[in-house]
Amino acid sequence: MMQGNPEFMLQAIQLATDNVTTRNGGPFGAVVVKDGKVIATGANQVTTINDPTAHAEVVALRNACQALGTFKLEGCELYTSCEPCPMCLAAIYWARCSAIYYGCSAADAAKAGFDDQFLYDELKKPMSERTMPMSGLCEQEALKAFAVWRDCPDKVEY
């Protein structure tokens, strides 16, 4: 079993708590660690900057990428005060972090009014059965961007 460092988790939890008491956003905090050092932190900013993607984990990932000058966070661990939602989990995977440590569970978050189970349920459904209508449009025209990408000799792969 993985073993994280409680010091970093307590920092993420303190960020979450401070975020509420200072009225800066929701009760979520995150810390990105590499080689035993804090690289970046983040706290939920959804309501303060009017950005539904400004979850603590995403903010911390953005800050870590800026600090390290890369979009790849290989070798970094993420400590978050709560189990990541589907969006954050996907972002953490895209960033290629090596581990995630979380404080509260998704069930704990749901009890506090932050229930993301509907997202997990939606993702399991076929597109035709999802709550939000989804439909393809202009596929042939859109495919041109992929053709240009494939042919680009100096692209940065990710």
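Where is the place of Cys138, and between which helices? Select Cys138 and you land in the loop between helix H5 (117-124) and helix H6 (139-151). Keep in mind that you are looking at a predicted model. Check the backbone while you are there: phi of Cys138 is near 60°, a positive value in a residue other than glycine. Its relative accessible area is 46%, so Cys138 counts as partly exposed, since that class runs between 20% and 50%.

**Zoom out**

Now show the whole chain as a cartoon. You should find six helices and four strands, arranged along the sequence as α-β-β-α-β-α-β-α-α-α. The C-alpha atoms fill a box of roughly 50 × 40 × 35 Å along the principal axes. Colour by burial, and 29% of the 158 residues come up as buried. If you prefer a surface, the chain exposes about 10,500 Å², with carbon and sulfur atoms supplying 58% of it. For a contact map, take pairs with a separation of 6 or more: residues 24 or more positions apart account for 47% of those contacts.

**The sheet**

Select the four strands next. They make an open sheet in the order S2-S1-S3-S4, with mixed pairing. At the edges sit strand S2 (37-43) and strand S4 (99-104), each pairing on one side only. Ignoring direction, neighbouring strands are turned by 15° against each other on average.

Then bring on helix H2 (residues 56-68), which packs on this sheet and touches strand S1 (29-34), S2 and S3. The direction of H2 makes about 140° with that of S2.

Stay with the S3 and S4 pair for a moment. Strand S3 (residues 76-82) runs parallel to S4, and five bridges join the two. Pick Glu77 and look across: its bridge partner in S4 is Ala99. The chain gets from S3 to S4 through H3, in a right-handed β-α-β crossover. Further along the pair, Cys82 stands opposite Cys104 in S4.

**Inside**

Turn on side chains for the largest nonpolar core, a set of 17 residues. Which residues have the most contacts inside it? Val32, Leu61, Leu73 and Cys97 do. S1, H2, S3 and helix H3 (86-95) each supply at least two of the core's residues, and H2 gives the most, with five.

Centre on Cys97 and look at what surrounds it. Leaving out residues up to four places away in sequence, Cys97 touches Leu61, Leu73, Cys76 and Ile92. There is also a second, separate core of eight residues, among them Phe8, Val33, Ala99 and Tyr101. You have met Ala99 already, as the partner of Glu77.

**Two loop stops**

Arg96 is your next pick, in the loop between H3 and S4. Arg96 is not a glycine, yet its phi is positive, at about 65°. Is Arg96 exposed or partly exposed? The relative accessible area is 28%, so Arg96 is partly exposed.

Finish at Gly69, in the loop between H2 and S3. Here the relative accessible area is 65%, so Gly69 is exposed, the cut-off being over 50%. For a last distance, draw a line from Gly69 to Arg130: they are 61 residues apart in sequence and 38 Å apart in space, C-alpha to C-alpha.

Methods
Residues are numbered from 1 along each chain as its sequence is written. This is a predicted model: local features need pLDDT of at least 70, side-chain atom pairs count only at pLDDT 80 or more; totals for chains, interfaces and linings use all residues. Side-chain values use heavy atoms; hydrogens and water are left out. Two strands pair if DSSP finds at least two bridges between them. Axes are lines fitted to C-alpha atoms, for helices over the stretch in contact, and angles run from 0 to 180 degrees between N-to-C directions. Contact means heavy atoms within 4.5 Å. A nonpolar core is a set of buried Ala, Val, Leu, Ile, Met, Phe, Trp, Tyr and Cys residues joined through side-chain atoms within 4.5 Å. Buried means under 20% relative accessible area, exposed over 50%, partly exposed in between (1.4 Å probe, protein chains only). A crossover is right-handed if, with the strands pointing away from the viewer, the path from the first strand over the helix to the second runs clockwise. Accessible areas come from the Shrake-Rupley method with a 1.4 Å probe; for residues, only the protein chains shown count as cover.
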